[in-house]
Amino acid sequence: MASRRKFLQNSAAGLAGLAASPLAAVALPAAPVAGKPVVISTWDAGVNANKGAWKVIGPGGYALDAVEAGVMVTESEQGCCVGLGGNPDRDGIVTLDACIMDEKFNCGGVAGLERIKHPISVARRVMERTPHVLLVGEGAQQFAVAQGFPLEPQQLSADAKKAYQEWLKTSQYKPVVNVENSGRKPTGPVGGPQNHDTIAMLALDAQGRLSGSCTTSGMAFKMRGRVGDSPLIGSGLFVDPAVGAAAATGQGEDVVRIAGAHLIVELMRQGRTPQQACQEAIGRIAAIKGAKAKDIQVAFIALSKTGQTGAYALQKGFNFTVSTTDTPVLRDSEFLLK
């Protein structure tokens, strides 16, 4: 009994010391740095998404509202990789993943969500109206309906239906690099093209508040129940107001292996620029994958608390969109594998 009492006393003293230490101070949110707003997002889909975000952030709005509104534009488009127009899993059902995070470490996500048009908005409701961070599958759908989101018809878009019928002829699964880029012409074996996510967006508003969002329909023809990095805080998205924010796109399994978004933010905390941090994270993935790195694409974007941006990809072909005015600028990313 005496030893237990001594242990508790020592533990309390240790916690008190930690609270008073410089390390504890570092963990607290920093005061926002006011300045000019910035929005950065993945792929050329970010052009329209950034326009949607700028309608909020340009006139002085909140970064969190901007990153939600921005990716909702992409969720509404009939693309291969985001929203209900995306390609289905191998059972022919579209399942959606999303997450969102603000400048106070509040975060929420959904995974395996069916028949809901805007999973990013459901993710925000999870953040704001539940004690949880992540809801999945049937439970996520039940929550969405309870929050007033209508159930959409359980049907594939015309393009997705055609792609799925073609895929069923062989049922072969092979990831293809850079399928998110809408300018890319599908090539290769049936079942290869249009094979994975994502749109991710980071924003810094004029008041210095950071937020991020990420939304996807996931890898086309994936196994039922597969979840990648996109709804996972710390992998597909992470925001730290004292440092900056980062987000990912590409093959999610390999982003999860290194907790990619969190890694980049921590590298920025250590003094790397957003660009340097993205490059180092990609280097780690390449080292892990070895010769197999040539078969996948992974890319990161990052945004510092002062508005500095960065992006880097494993392979050629990744592009990203940056807005510092109401005119988005599409840029080609630097890449590792030559």
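Student: In this predicted model, how many of the 10 residues of helix α9 (residues 260-269) are buried?

Tutor: Burial is read from relative accessible area, and a residue under 20% is called buried. Seven of the 10 residues in α9 meet that description, so the helix is largely enclosed by the rest of the structure. The buried residues are Gly260, Ala261, Leu263, Ile264, Val265, Leu267 and Met268.

Student: Which elements do the buried residues of α9 pack against?

Tutor: Their partners are the strands β7 (237-240), β8 (244-250) and β9 (298-304), together with the helices α8 (252-257) and α10 (274-289). Just after α9, the backbone at Gly271 adopts a positive phi of about 120°.

Student: Which residues of α5 are buried?

Tutor: An α-helix has 3.6 residues a turn, so residues three or four places apart point the same way. Helix α5 is mostly covered, with eight of its 11 residues buried. These are Pro119, Ile120, Ser121, Val122, Ala123, Arg124, Val126 and Met127. The cover over them includes the helices α4 and α6 and the strands β2, β3, β4 and β6 (210-216).

Student: At what angle do helix α4 and helix α5 pack, and how far apart are their axes?

Tutor: Two packed helices are described by the angle between their axes and the distance between the axes. For α4 (residues 63-76) and α5 (residues 119-129), the angle is about 150° and the axes are 8 Å apart. The two helices are therefore roughly antiparallel to each other, since an angle over 145 degrees is classed in that way. On the α4 side, the contact is made by Leu64, Asp65, Glu68, Val71, Met72 and Glu75. Helix α5 contributes Pro119, Ile120, Ser121, Arg124, Met127 and Glu128. By residue class, this contact of α4 with α5 has six nonpolar, one polar and five charged members.

Student: How do the axes of α5 and α6 cross?

Tutor: They cross at roughly 85° and come within 10 Å. That makes α5 roughly perpendicular to α6. Val122, Arg125 and Val126 of α5 meet Ala140, Phe143 and Ala144 of α6. The contact of α5 with α6 comprises five nonpolar residues, no polar residue and one charged residue. Helix α6 (residues 137-146) also lies across β3 and β4, and runs at about 105° to β4.

Student: In what order do the eight strands of the open sheet stand?

Tutor: Strands of a sheet pair through backbone hydrogen bonds, either parallel or antiparallel. Here the order is β4-β3-β2-β6-β5-β1-β11-β12, and the pairing is mixed. At the edges stand β4 (134-136) and β12 (329-332); each has a single partner strand, so one side of each is left without a neighbour in the sheet. On average, and with direction ignored, neighbouring strands of this sheet are turned by 10° against each other.

Student: In which sense do strand β2 and strand β3 pair?

Tutor: Strand β2 (residues 96-101) and strand β3 (residues 107-113) pair in the antiparallel sense, over five bridges. One position to inspect is Cys99, whose bridge partner in β3 is Gly109.

Student: Which cysteines form a disulfide?

Tutor: A disulfide is a covalent bond between the sulfur atoms of two cysteines. With a cut-off of 2.5 Å between the sulfur atoms, the count is one disulfide. Cys80 and Cys81 form it, with their sulfur atoms 2.2 Å apart. The torsion about their S-S bond is about -50°, so the disulfide is left-handed. Both Cys80 and Cys81 are buried. Cys99, by contrast, is in no disulfide; its nearest cysteine sulfur belongs to Cys214 and is 5.3 Å away. Cys99 counts as buried, at 0% relative accessibility.

Student: Why is the sulfur of Cys107 not in a bond with that of Cys99?

Tutor: The sulfur of Cys99 is the closest cysteine sulfur to that of Cys107, but at 8.2 Å it is too far for a bond. Cys107 counts as buried, with 14% relative accessibility.

Student: Is Gln78 buried or exposed?

Tutor: Gln78 is exposed, its relative accessible area being 56%. This residue lies in the loop between α4 and β2. If residues up to four places away in sequence are not counted, Gln78 touches Gly85 and Ser157. The C-alpha atoms of Gln78 and Ala160 are separated by 9.2 Å, although these residues are 82 residues apart along the chain.

Technical notes: Residues numbered from 1 in each chain as written. Predicted model: local features only at pLDDT ≥ 70, side-chain atom pairs only at ≥ 80, totals over all residues. Heavy atoms only, no water. Buried < 20%, exposed > 50% of the residue type's maximum accessible area, 1.4 Å probe, protein only. Axes fitted to C-alpha atoms, helices over the stretch in contact; angles between N-to-C directions. Helix = DSSP H or I, 4+ residues; strand = E, 2+ residues; numbered from the N terminus. Parallel < 35°, antiparallel > 145°, perpendicular 65-115°, else oblique. Contact = heavy atoms within 4.5 Å. Nonpolar A, V, L, I, M, F, W, Y, C, P; charged D, E, K, R; others polar. Pairing = 2+ DSSP bridges.
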